[in-house]
Amino acid sequence: MLDGLSVIYPYAKAFHVMAVISWMAGLFYLPRLFVYHAERGQAPEPADSFIIMEQKLLRLIMNPAMIATWISGLALVLTPGIVDWSMVWPWTKAACVLGMTWFHMWCAGQRRVLLAGRGQPGRRYRMMNEVPTLLMVGIVLSVIVKF
């Protein structure tokens, strides 16, 4: 099985990059929707629009992209000769990916909080919107520099 991963490695890598791009786009956009929802979502009509956009973004784009990222990433990690576990970079990347997954789950939870009418102030969502950027920097530096 592991030898078969070597054969599909370039395809798994390409699929992984596409999945990560989709996931990151959602992770950047959903907190921005939360800002608009928290600041302008007091009237029924705008709040309804934000609720629909948030739900579709999370369920139709972000969740499948996260799952595809994890599956393809695990296929890459399991490919023989790709990862040297004695180096620091795979561990820092793994920590950042776990952080990204936590942020995804935090966003899903915040969507439920906003639905209940108890959302955070817009400023908090603006600040949290920087979290995926910081994690992305850690991931990219880990993979490219391989420290």
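How many nonpolar, polar and charged residues does the lining of the largest pocket have, by class? The lining has 24 nonpolar, three polar and three charged residues. The views below come from a predicted model, and the pocket returns in its own legend.

**View 1. The whole chain is built from five helices and zero strands.**
Let us start with the overall picture. Following the sequence from its beginning, you will meet the pattern α-α-α-α-α. Along the principal axes, the C-alpha atoms fill a box of roughly 55 × 25 × 20 Å. The chain has 147 residues, and 40% of them are buried. If you take the contacts between residues at least 6 apart in sequence, 80% join residues that are at least 24 apart.

**View 2. The largest nonpolar core has 26 residues.**
Four members touch the most other members of this core: Leu-27, Leu-30, Met-100 and Tyr-125. At least two core residues come from each of helix H1 (2-40), helix H2 (44-78), helix H3 (89-115), helix H4 (122-128) and helix H5 (131-145). A second core of five residues lies apart from this one, and its members include Leu-5, Tyr-9, Ala-12 and Leu-76. As general background, nonpolar side chains tend to be buried together in soluble globular proteins.

**View 3. Leu-27 touches a varied set of residues.**
Here the focus moves to one of the core members that touch the most others. With residues up to four places away in sequence not counted, Leu-27 touches Met-62, Met-100, Phe-103, His-104, Asn-129 and Pro-132. Met-100 in that list is, like Leu-27, among the residues that touch the most other members of the largest core.

**View 4. Ring pairs link five aromatic residues into a cluster.**
The cluster consists of Phe-34, Trp-102, Phe-103, Trp-106 and Tyr-125. Across the whole structure, a search finds six aromatic pairs. In one of them, Trp-106 and Tyr-125 have ring centres 6.1 Å apart and planes at 55 degrees, so this pair is tilted. The pair links distant parts of the chain, with Trp-106 in helix H3 and Tyr-125 in helix H4, 19 residues apart. Both Trp-106 and Tyr-125 are buried. Tyr-125 may look familiar from the core view, where it is one of the residues that touch the most other members.

**View 5. Thr-101 sits in helix H3 and is buried.**
Its relative accessibility is 15%, and Thr-101 counts as buried because that value is under the 20% limit. Leaving aside neighbours within four places in sequence, Thr-101 is in contact with Trp-23, Met-66 and Trp-70. For a sense of distance, look across to Arg-118: the two residues are 17 apart in sequence, and their C-alpha atoms are 23 Å apart in space.

**View 6. The largest pocket holds about 900 Å³ of space.**
There are 30 lining residues, and those nearest the pocket's centre are His-16, Leu-76, Lys-93, Ile-139 and Val-143. Two or more lining residues come from each of H1, H2, H3 and H5. H1 gives the largest share of the lining, with eight residues. Leu-76, one of the residues nearest the centre, also belongs to the five-residue core.

**View 7. Lys-93 in helix H3 is partly exposed.**
This lysine is one of the residues nearest the centre of the largest pocket. Its relative accessibility is 22%. Apart from neighbours within four places in sequence, Lys-93 is in contact with His-16, Ile-139, Ser-142 and Val-143. Its C-alpha atom is separated by 16 Å from that of Ile-21, a residue 72 places away along the chain.

**View 8. Ser-72 of helix H2 is buried.**
The relative accessible area of Ser-72 is 4%. Setting aside neighbours within four places in sequence, Ser-72 is in contact with Ala-12, Phe-15 and His-16. Of these, Ala-12 is a member of the five-residue core, while His-16 is among the residues nearest the centre of the largest pocket.

**View 9. Lys-146 has a positive phi although it is not a glycine.**
The angle is about 55 degrees. In general, most residues other than glycine have a negative phi. Lys-146 lies in the segment after H5 and is partly exposed, with a relative accessible area of 37%.

Definitions and conventions
Residues numbered from 1 in each chain as written. Predicted model: local features only at pLDDT ≥ 70, side-chain atom pairs only at ≥ 80, totals over all residues. Heavy atoms only, no water. Core = buried A, V, L, I, M, F, W, Y, C linked by side-chain atoms within 4.5 Å. Buried < 20%, exposed > 50% of the residue type's maximum accessible area, 1.4 Å probe, protein only. Helix = DSSP H or I, 4+ residues; strand = E, 2+ residues; numbered from the N terminus. Contact = heavy atoms within 4.5 Å. 1 Å grid on protein atoms, 1.4 Å probe; cavity = no way out; pocket = protein on both sides within 12 Å on 5 of 7 lines; lining within 4 Å. Points joined across faces, edges and corners; volume = space filled by probe spheres on them. Nonpolar A, V, L, I, M, F, W, Y, C, P; charged D, E, K, R; others polar. Phe/Tyr/Trp six-rings, centres within 6.5 Å; stacked < 30°, edge-to-face > 60°.
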